[in-house]
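Please look over the sequence and the coordinates that follow before reading on. The paragraphs below lead through some of the local features, taking surface, interior and aromatic rings in turn.

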Amino acid sequence: MIWNNLTQTIICLFLTGPGIMGNILIFMRHVYTFVMATEKKPIDLIFTHLAFSNTLMICSIVIRDTATIFYFQNFLGDVGCKTVVYLVRVARGLSICTTCLLSMFQAVTINPRATLWEKLKPQTAGQVLFYLLLFWIFNSLISSNMLCYITAGNKMNQSQFDKYGEYCYMLPSRLIVRWSFLSLMALRDVVFQSLMGWSSGSMALHLYKHHKRVLYLHSYRCVNISSPEIRATRSTLILMTCFLFYYWADFIFSFYTGSMVTHGSMILNIKTFLVLGYAVLSPFILITRDVHVTRSS
C-alpha cells in the first residue's frame, strides 16, 4: 500500500506540476497576444482554449486523487465526486474537439484550394467562440450522466461498480441510459478523429510535396523550409500524433482492463498516466517548437 501511494505521489508531482505550469504559460502567452494585437487572430483563441481545457482536466484529476496521494480520507463527498469526475469527462471532450479544430484550421490554412473546408474555417475570433460554445454545450450534455450516477464511498464492492479514482464510483444505470451516453461519446470520437485524420493526411501530403520541391531544386537554399507555415504544420502533426497515441493507448488499456473484476492501485496509476499524457505533453511541444500558425489572406 505504501509503495502504491508513493508511486501515485511521484506520478502526481512529475506529471501534474509541469503540466499545469506549461498550460498556464501557453494560456497567458496567447491571451496576451490576442489582447495586444490590433487584429484578433482566431488561432490565439484556439490555443488558449486548448490550454484551458488541459489545465481543467489536470486540476480535476489532482483534486479527485488528493485523498489517496496525501493520505486524507474522502473529503469530496458525493457532490465533490460528481463535480470532479464530470469536469474530467467534459475537459477531455473539449480537448478532443479543440485539437481537431486546430488541426483543421492549419490544414485549410496551408491548402486554401480546399474550398469546401475553407467555408467552415473560422475567419474571425467571433466564429471561433461560436465553435467553442458548441463544444461546451455538446460535451456538457454527453457527460451529464456523471452528475446522476457518480457517488463517493471507500467500502463499496469494486466488482459491482466502475471506479473513478480511489473513492469515487459509478452506480449502475439502466441499459438504455448507459448505451445512449456511450454511443454519443463514441460518435463524437469517431467524427472528430476522422476530421483529424483527414486534416493530418492533408498536412502530411503538403509537407511531402514541399520536400519533393526542395529536392527538385537541388538546394535547400532555394526554398525556405523553416518558414512559419512549415514549422506550424510540422508541430500540428506532432500534436496529432501525440494525441492519437495517448487516446488509443488509453482505449486499448481500458478495453483490456474492462473485463477484470478488480482494479488495483497500479491499474489506476497507469490509467491516470494515459489520461494525463496528452494534456501534460502538448504545451511543451508548442513551447519548444515556438508554434505560430500563419493566416491565409
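Met-28 is a convenient place to begin in this predicted model, because its relative accessibility of 52% makes it count as exposed, the cut-off for that class being over 50%. Met-28 lies in helix H1, and together with Met-21, Ile-24, Phe-27 and Phe-52 it makes a nonpolar surface patch of about 460 Å². Helix H1, which covers residues 2–36, gives the most to this nonpolar patch, with 4 residues.

Helix H1 also holds His-30, and here the environment is another matter: His-30 has a relative accessible area of 5% and is therefore buried, since buried means under 20%. Which residues does His-30 touch, not counting residues up to four places away in sequence? The contacts of His-30 are with Asp-44, Phe-47 and Thr-48.

A further buried position is found in helix H3, which spans residues 77–110 and includes Thr-109. The relative accessibility of Thr-109 is 3%, so this residue counts as buried. Thr-109 can also be set beside a residue that is remote in sequence, namely Met-203, for the two are 94 residues apart along the sequence while their C-alpha atoms are 9.8 Å apart in space.

The aromatic side chains offer another way through the model. A pair of aromatic rings is described by the distance of the centres and the angle of the planes. How many aromatic pairs does a search of the whole structure find? The search finds 9 aromatic pairs, and among them is the pair of Phe-130 and Tyr-131, which is edge-to-face, with 6.4 Å centre to centre and 65° between the planes. Tyr-131 has a relative accessible area of 23%, and so it is partly exposed.

Phe-245 and Tyr-246 form an aromatic pair that is likewise edge-to-face, with their ring centres 5.2 Å apart and an angle of 80° between the planes. Are the members of this pair buried or exposed? Phe-245 counts as exposed because its relative accessibility is 54%, whereas Tyr-246, at 12% relative accessibility, counts as buried.

Beyond the individual pairs, there is also a cluster in which ring pairs link Phe-243, Tyr-247, Trp-248, Phe-251 and Tyr-278.

How values were computed: Residues are numbered from 1 along each chain as its sequence is written. This is a predicted model: local features need pLDDT of at least 70, side-chain atom pairs count only at pLDDT 80 or more; totals for chains, interfaces and linings use all residues. Side-chain values use heavy atoms; hydrogens and water are left out. Patches are made of residues with over 30% relative accessible area and no salt bridge: like charges are joined within 9 Å, nonpolar side chains (Val, Leu, Ile, Met, Phe, Trp, Tyr) within 5 Å. Accessible areas come from the Shrake-Rupley method with a 1.4 Å probe; for residues, only the protein chains shown count as cover. A salt bridge is a side-chain nitrogen of Lys or Arg within 4 Å of a carboxyl oxygen of Asp or Glu. Helices (H or I, at least four residues) and strands (E, at least two) are DSSP runs, numbered from the N terminus. Buried means under 20% relative accessible area, exposed over 50%, partly exposed in between (1.4 Å probe, protein chains only). Contact means heavy atoms within 4.5 Å. Rings of Phe, Tyr and Trp (its six-membered ring) pair if their centres lie within 6.5 Å; planes under 30 degrees apart count as stacked, over 60 as edge-to-face and the rest as tilted.
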